[in-house]
Every structure is written in C-alpha cells, then in structure tokens.
Amino acid sequence: MPKPLVAGNWKMHFTVPEGLRVTEELLHHLHPYAQAVEVVLLPPAIMLWEVAHALQGSGILVGAQNAWWADQGPFTGEISPSMLAGWCHYLLIGHSERRQLFGETDEELNRKLKAGLKHHLEMILAVGETLEEHDAGRTEEVVTRQLRAALFGLEPAAAGHLSIAYEPIWAIGTGRAATPDYANSVMGMIRELLAGEFADAGQVRILYGGSVTAANAPSLMEQPNIHGALVGGASLKPEEFARIVQAAAKVQTTPA
Ligand code: PEP
C-alpha cells in the first residue's frame, strides 16, 4: 500500500493573493510530515499554477478540482487534463457538488477518468450516497453503481494512479462525520469491489471525506480500510489541516 494521501479541497475559496498566503502558511506547518504522507492541495483553477510554483521542491503536491475530458476545443469555462499535464500532479473528479450542482453523470466521469490517466495525472474519484439513499439502506447499491460505471474499461495499470474518496454526502460540510466504524465498513466494501476490477487493487488508496477535523482525524485514520482523507472546510485553516495530516502520519509511522 502506498503512503496515505491527505488532500485539501479548497473549493471556491480565496482570492489568488489569499491562496498564496495560505500556501506559505501550510508550507510552514506541513513541512515535518511531507515524507510520511502524500499531501495534495486542490486550489481553484485560477491559482493552480501559482500555488504549484510556490510548492515546488516542498514535496507537497497540487491537484485540480475538476477538468473536462477533451484535450482542447469549444468548451467555454473548462480546463483540460492536457493543460494540467506535466506540472499538476492530481485531478479530483466526481465530487458530489459537481454531480449535484453541475449534473455530472457516471458516464462523464468515466471519460474524465480515462482522459486524466491518458495525461498521466494521479486521479481521485469521489463517490458517496445521499442522506435519503443512506436512510433507505442503499449505500452499497449506489456506491457500487458509481464505481462500476466510472471504472468501466480502465486498463489494469490504472490501479497505480487511482484513489477513491468515499464521501457520504450527508457528511460533507455538515459537521456530522460518519463514524469510523461505518466509514471503515463501506470502505471495506469498496476494497472488495476494487479487488474484482484490478489485479493490483492494493495500490488504490481509499480516502474518507466528510467533516474531517483535527479532532476526529485520529480515530478515522486508524481504521484499517482508510488510507487518507479528502478534507474540505478544515483544509482552509492551515493549523487544523496540518493536524489532520499529522494524524495520518502517526498511523503510518506506528507499527501495527
Ligand atoms: C469535501 O468537500 O470534499 C469535504 C469533505 O468537505 P468537508 O470536509 O467540509 O465536509
């Protein structure tokens, strides 16, 4: 299993100067953990290049929050994986806000996944159920559908460049994180599904996302099926984000 991954999704926050100031602060706080944990910042597209520059040589990586699948063309407002290739390391796709507010479908995400992999980006695919689906006991069905459709037709080598973020939608931005046991059990199911898709499924990290904080990160990170976190709100606060990364680093360096 590769080292844990903690990604900070800034969503649509910060002006460019603010984002650069936060990056400087993060560099200071994250420096001690950059070896033990893969840390990725996902700033808005407008400041991606600048943040990548500011992070150069630190071991902390950048990723985009979204991209279209074509290399170029008449897609006003979009960016493409080919524009990110070579300097931007990660690409997040399928965040529930993209699915719900912008109508992204599983089939589109399959095209985005293939396009990102074609341009050698490390991909993070977000999946997760709504509150209604959760309450109706449909989590496994929903997550299975999302995964099977998005992963359809991928090459076996994709496993080495893929992370899955399990983000129950009812936990995102609500302050109501899933319990470690619940997250671990859904993520165990995801692990089993991945084993049926890839010979090398052990390479795929499975991250938990949804109201991760410095306070709940240690109990989440110590679950056997959780290999990191996708963090929204808490990633906007450098000290708090660093404590989440520290929790992941501690699990990584504590012998079982
Ligand atoms: C997210 O946006 O991916 C997320 C998990 O947000 P939050 O941590 O704020 O719940």
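**Ligand shell and two helix pairs**

Let me start with the ligand: 14 residues surround it, the closest being Lys11, Glu167, Gly173, Ser211 and Gly233, where near means that a heavy atom of the residue lies within 4 Å. This is a predicted model, in which local features need pLDDT of at least 70 and side-chain atom pairs pLDDT 80 or more, while totals for chains, interfaces and linings use all residues. Numbering runs from 1 along each chain as its sequence is written, and side-chain values use heavy atoms, without hydrogens and water.

The shell divides into four nonpolar, eight polar and two charged residues.

Which distances separate ligand oxygen atoms from Lys11, Ser211 and Gly233? For an N or O atom in the Lys11 side chain, the distance is 2.6 Å. A backbone N or O atom of Ser211 is 2.7 Å from a ligand oxygen, and for a polar backbone atom of Gly233 the figure is 2.8 Å. Of the 300 Å² that the ligand exposes when taken alone, the protein buries 95% (Shrake-Rupley method, 1.4 Å probe).

Now the helices. Packed pairs are described by the angle and the distance between their axes.

Helix α1, residues 16–30, packs on helix α2, residues 48–55, at about 25 degrees, with the axes 10 Å apart. α1 and α2 are therefore roughly parallel (under 35 degrees). The crossing of α1 past α2 is right-handed.

For helix α5, residues 106–118, and helix α7, residues 139–151, the axes come within 7 Å and cross at roughly 45 degrees. That makes α5 oblique to α7 (neither under 35, nor over 145, nor 65 to 115 degrees). α5 also passes α7 in a right-handed crossing.

Note on methods. A polar contact is a pair of N or O atoms within 3.5 Å; within protein, one must be able to donate a hydrogen and the other to accept it, and residues adjacent in sequence count only if both atoms are side-chain atoms. Ala, Val, Leu, Ile, Met, Phe, Trp, Tyr, Cys and Pro count as nonpolar, Asp, Glu, Lys and Arg as charged, and the others, Gly among them, as polar. Axes are lines fitted to C-alpha atoms, for helices over the stretch in contact, and angles run from 0 to 180 degrees between N-to-C directions. Helices (H or I, at least four residues) and strands (E, at least two) are DSSP runs, numbered from the N terminus. A crossing is left-handed if the near helix is turned anticlockwise from the far one by less than a right angle, and right-handed if clockwise.
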